Amino acid sequence: MLIIIIERAQYQAKGFVLSNQLTPKKLQTRTRICQTAWELFIAKGFESTSTRDIAKAAGIANGTLFSHFANKDELLKVLMIAQIDNVIADAQRSDDHQQPKLKMRHYATHLYAFYLQHVEFSKTLLQSLIWQGQFFDEQIQQFKALLFASAPQYDEVRAAAMMDCYFMTLIEGLNQPAPNANAMVRRLSAKLALL
(Lines give C-alpha, C1' and ligand atoms only; values in the text may rest on other atoms or scores of the structure.)
Protein backbone atom coordinates (compact mmCIF):
# COMPACT_ATOMS: atom_id res chain seq x y z
CA MET A 1 0.00 0.00 0.00
CA LEU A 2 2.78 2.43 0.94
CA ILE A 3 4.56 1.97 -2.38
CA ILE A 4 1.35 2.56 -4.36
CA ILE A 5 0.80 5.87 -2.56
CA ILE A 6 4.44 6.79 -3.10
CA GLU A 7 4.21 5.94 -6.78
CA ARG A 8 1.01 7.97 -7.22
CA ALA A 9 2.62 11.02 -5.64
CA GLN A 10 5.77 10.66 -7.71
CA TYR A 11 3.86 10.13 -10.91
CA GLN A 12 1.86 13.26 -10.23
CA ALA A 13 4.91 15.35 -9.37
CA LYS A 14 7.52 14.16 -11.83
CA GLY A 15 5.88 11.80 -14.28
CA PHE A 16 7.68 8.73 -12.94
CA VAL A 17 6.31 5.36 -13.97
CA LEU A 18 3.76 3.67 -11.74
CA SER A 19 4.77 0.72 -9.59
CA ASN A 20 3.05 -1.76 -11.87
CA GLN A 21 5.42 -0.58 -14.61
CA LEU A 22 8.55 -1.14 -12.51
CA THR A 23 10.51 -4.33 -12.53
CA PRO A 24 10.29 -6.29 -9.28
CA LYS A 25 13.93 -5.43 -8.55
CA LYS A 26 13.36 -1.67 -9.00
CA LEU A 27 10.23 -1.83 -6.89
CA GLN A 28 12.15 -3.64 -4.16
CA THR A 29 14.93 -1.03 -4.33
CA ARG A 30 12.47 1.85 -4.14
CA THR A 31 10.72 0.29 -1.16
CA ARG A 32 14.06 -0.23 0.61
CA ILE A 33 15.01 3.43 -0.05
CA CYS A 34 11.71 4.64 1.41
CA GLN A 35 11.88 2.48 4.51
CA THR A 36 15.52 3.34 5.15
CA ALA A 37 15.02 7.06 4.60
CA TRP A 38 12.06 7.21 6.98
CA GLU A 39 13.99 5.34 9.69
CA LEU A 40 17.00 7.66 9.30
CA PHE A 41 14.85 10.80 9.23
CA ILE A 42 13.23 9.69 12.50
CA ALA A 43 16.53 8.67 14.14
CA LYS A 44 18.83 11.49 12.97
CA GLY A 45 16.47 14.22 11.78
CA PHE A 46 15.85 15.38 8.23
CA GLU A 47 18.59 18.00 8.10
CA SER A 48 21.21 15.68 9.59
CA THR A 49 20.49 12.84 7.17
CA SER A 50 22.26 13.04 3.83
CA THR A 51 21.37 11.19 0.65
CA ARG A 52 24.68 9.37 1.05
CA ASP A 53 23.56 8.18 4.50
CA ILE A 54 20.32 6.87 3.01
CA ALA A 55 22.05 5.16 0.08
CA LYS A 56 24.67 3.56 2.32
CA ALA A 57 22.11 2.29 4.84
CA ALA A 58 19.91 0.97 2.01
CA GLY A 59 22.90 -0.80 0.44
CA ILE A 60 22.70 1.04 -2.87
CA ALA A 61 24.78 3.54 -4.81
CA ASN A 62 23.99 7.22 -4.33
CA GLY A 63 23.16 7.47 -8.04
CA THR A 64 20.57 4.73 -7.65
CA LEU A 65 18.76 6.83 -5.06
CA PHE A 66 18.67 9.74 -7.52
CA SER A 67 17.25 7.50 -10.24
CA HIS A 68 14.22 7.04 -7.98
CA PHE A 69 13.98 10.49 -6.34
CA ALA A 70 15.12 13.87 -7.62
CA ASN A 71 16.47 14.97 -4.22
CA LYS A 72 16.06 14.54 -0.47
CA ASP A 73 13.18 17.03 -0.30
CA GLU A 74 11.30 15.07 -2.96
CA LEU A 75 11.84 11.87 -1.00
CA LEU A 76 10.53 13.47 2.20
CA LYS A 77 7.44 14.82 0.42
CA VAL A 78 6.62 11.39 -0.96
CA LEU A 79 7.15 9.75 2.43
CA MET A 80 5.05 12.35 4.25
CA ILE A 81 2.20 11.99 1.75
CA ALA A 82 2.22 8.25 2.36
CA GLN A 83 2.22 8.75 6.13
CA ILE A 84 -0.56 11.35 5.96
CA ASP A 85 -2.65 9.05 3.78
CA ASN A 86 -2.22 6.36 6.45
CA VAL A 87 -3.33 8.77 9.22
CA ILE A 88 -6.40 9.76 7.19
CA ALA A 89 -7.24 6.10 6.53
CA ASP A 90 -7.01 5.35 10.26
CA ALA A 91 -9.19 8.37 11.12
CA GLN A 92 -11.71 7.35 8.47
CA ARG A 93 -12.43 4.13 10.35
CA SER A 94 -13.88 6.10 13.26
CA ASP A 95 -15.50 8.90 11.25
CA ASP A 96 -19.25 8.84 11.73
CA HIS A 97 -19.80 12.60 11.31
CA GLN A 98 -22.20 13.99 8.75
CA GLN A 99 -21.34 17.71 8.76
CA PRO A 100 -18.16 18.87 6.99
CA LYS A 101 -17.08 21.03 9.97
CA LEU A 102 -17.33 18.06 12.35
CA LYS A 103 -15.48 15.87 9.88
CA MET A 104 -12.72 18.50 9.63
CA ARG A 105 -12.41 18.59 13.41
CA HIS A 106 -12.27 14.77 13.55
CA TYR A 107 -9.52 14.48 10.92
CA ALA A 108 -7.61 17.47 12.30
CA THR A 109 -7.43 15.74 15.69
CA HIS A 110 -5.55 12.85 14.07
CA LEU A 111 -3.51 14.90 11.61
CA TYR A 112 -2.36 17.58 14.04
CA ALA A 113 -1.16 14.87 16.43
CA PHE A 114 0.82 13.30 13.57
CA TYR A 115 2.34 16.62 12.48
CA LEU A 116 3.43 17.38 16.03
CA GLN A 117 5.18 14.00 16.26
CA HIS A 118 7.26 15.10 13.26
CA VAL A 119 7.61 18.88 13.63
CA GLU A 120 10.77 19.24 11.53
CA PHE A 121 9.33 17.17 8.66
CA SER A 122 6.01 18.98 8.90
CA LYS A 123 7.62 22.39 8.55
CA THR A 124 9.59 21.20 5.53
CA LEU A 125 6.43 19.74 4.01
CA LEU A 126 4.49 22.97 4.54
CA GLN A 127 7.24 25.00 2.90
CA SER A 128 6.96 22.73 -0.12
CA LEU A 129 3.17 22.99 -0.08
CA ILE A 130 3.33 26.76 -0.21
CA TRP A 131 5.77 26.91 -3.12
CA GLN A 132 4.96 23.66 -4.94
CA GLY A 133 1.24 23.31 -4.39
CA GLN A 134 0.62 21.25 -7.51
CA PHE A 135 2.51 18.35 -5.90
CA PHE A 136 -0.22 18.12 -3.26
CA ASP A 137 -3.27 19.14 -5.31
CA GLU A 138 -4.66 15.63 -5.73
CA GLN A 139 -4.38 14.85 -2.03
CA ILE A 140 -6.00 18.15 -1.00
CA GLN A 141 -8.86 17.70 -3.48
CA GLN A 142 -9.49 14.18 -2.17
CA PHE A 143 -9.49 15.46 1.41
CA LYS A 144 -11.99 18.22 0.61
CA ALA A 145 -14.26 15.68 -1.09
CA LEU A 146 -13.97 13.44 1.98
CA LEU A 147 -15.13 16.30 4.21
CA PHE A 148 -18.27 16.74 2.10
CA ALA A 149 -18.94 13.03 1.50
CA SER A 150 -22.06 13.05 3.71
CA ALA A 151 -23.22 16.57 2.82
CA PRO A 152 -26.12 17.08 0.41
CA GLN A 153 -23.74 18.75 -2.05
CA TYR A 154 -20.10 19.74 -2.41
CA ASP A 155 -19.36 23.43 -1.77
CA GLU A 156 -15.96 24.37 -3.22
CA VAL A 157 -15.81 27.83 -1.61
CA ARG A 158 -16.66 26.45 1.83
CA ALA A 159 -14.24 23.55 1.37
CA ALA A 160 -11.44 25.95 0.39
CA ALA A 161 -12.18 28.20 3.40
CA MET A 162 -12.10 25.17 5.71
CA MET A 163 -8.75 24.11 4.27
CA ASP A 164 -7.39 27.63 4.76
CA CYS A 165 -8.45 27.50 8.43
CA TYR A 166 -6.90 24.04 8.77
CA PHE A 167 -3.53 25.02 7.30
CA MET A 168 -3.28 28.38 9.05
CA THR A 169 -3.99 26.67 12.38
CA LEU A 170 -1.35 24.06 11.58
CA ILE A 171 1.24 26.73 10.76
CA GLU A 172 0.40 28.69 13.92
CA GLY A 173 0.59 25.52 16.02
CA LEU A 174 3.91 24.35 14.60
CA ASN A 175 5.41 27.74 15.40
CA GLN A 176 4.41 27.65 19.07
CA PRO A 177 7.23 27.04 21.60
CA ALA A 178 5.28 24.08 23.02
CA PRO A 179 2.81 22.99 20.32
CA ASN A 180 -0.29 21.17 21.53
CA ALA A 181 -2.62 19.22 19.23
CA ASN A 182 -5.69 19.69 21.46
CA ALA A 183 -5.16 23.45 21.58
CA MET A 184 -4.80 23.48 17.80
CA VAL A 185 -8.07 21.57 17.35
CA ARG A 186 -9.85 24.02 19.68
CA ARG A 187 -8.47 26.95 17.69
CA LEU A 188 -9.55 25.34 14.42
CA SER A 189 -13.04 24.70 15.83
CA ALA A 190 -13.38 28.37 16.77
CA LYS A 191 -12.43 29.40 13.24
CA LEU A 192 -14.78 26.88 11.64
CA ALA A 193 -17.66 28.14 13.80
CA LEU A 194 -17.36 31.48 11.97
CA LEU A 195 -17.93 29.89 8.55
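In this predicted model, the count of salt bridges comes to six. Three of them are described below, and they lead the reader from one helix to another.

The setting for these pairs is a protein chain with ten helices and zero strands, so that, read along the sequence, the pattern is α-α-α-α-α-α-α-α-α-α. Of the 195 residues in the protein chain, 46% are buried. Among the contacts in the protein chain with a separation of 6 or more, 67% are between residues 24 or more positions apart.

One salt bridge stays inside a single helix: the side chains of Arg93 and Asp90 meet with an N to O distance of 2.3 Å. Both residues belong to helix H5, which covers residues 72-93, and they are three residues apart, about one turn of the helix. Here a general point about helices helps, because an α-helix has 3.6 residues a turn, so residues three or four places apart point the same way. As for their surroundings, Arg93 is exposed, with a relative accessible area of 65%, while Asp90, at 44%, counts as partly exposed.

A second salt bridge joins the side chains of Lys144 and Glu156, with 2.8 Å from N to O. Lys144 lies in helix H8 (residues 137-147) and Glu156 lies in helix H9, so this pair ties together parts that are twelve residues apart in sequence. Lys144 is buried, with a relative accessible area of 5%, whereas Glu156 counts as partly exposed at 37% relative accessibility.

A third salt bridge is formed by Lys191 and Glu172, whose closest N and O atoms are 3.3 Å apart. Because Lys191 lies in helix H10 and Glu172 in helix H9, the pair ties together parts that are 19 residues apart in sequence. Lys191 is buried, with a relative accessible area of 17%, and Glu172 is partly exposed, with a relative accessible area of 29%. This pair does not stand alone, since salt bridges that share partners join Glu172, Arg187 and Lys191 into one network.

Lys191 brings us to helix H10 itself. Helix H10 runs over residues 181-193, which makes 13 residues, and it reaches 18 Å from its first C-alpha to its last, close to the 18 Å expected at 1.5 Å a residue. At the start of H10, a side-chain oxygen of Asn180 reaches to within 2.9 Å of the backbone nitrogen of Asn182.

Which residues of H10 are buried? They are Ala181, Met184, Val185, Leu188, Ser189, Lys191 and Leu192. These residues cover an arc of only 160° around the axis, which means that they are on the same side of H10. The face of H10 turned away from this buried side carries the exposed residues Asn182, Arg186 and Ala193. What covers the buried residues of H10 includes helix H6 (100-117) and helix H9 (156-174), and helix H9 is also where Glu172, the salt-bridge partner of Lys191, is found.

A last point concerns the cysteines, for the structure holds zero disulfides. Two cysteines can be placed by their accessibility: Cys34 counts as buried at 2% relative accessibility, and Cys165 likewise counts as buried, at 14%.

Conventions: Residues numbered from 1 in each chain as written. Predicted model: local features only at pLDDT ≥ 70, side-chain atom pairs only at ≥ 80, totals over all residues. Heavy atoms only, no water. Helix = DSSP H or I, 4+ residues; strand = E, 2+ residues; numbered from the N terminus. Expected span 1.5 Å × (residues − 1). Buried < 20%, exposed > 50% of the residue type's maximum accessible area, 1.4 Å probe, protein only. Arc of directions from axis to C-beta. Contact = heavy atoms within 4.5 Å. Polar contact = N/O pair within 3.5 Å; in protein donor to acceptor, adjacent residues only side chain to side chain. Salt bridge = Lys/Arg side-chain N within 4 Å of Asp/Glu carboxyl O. Disulfide = S-S within 2.5 Å.
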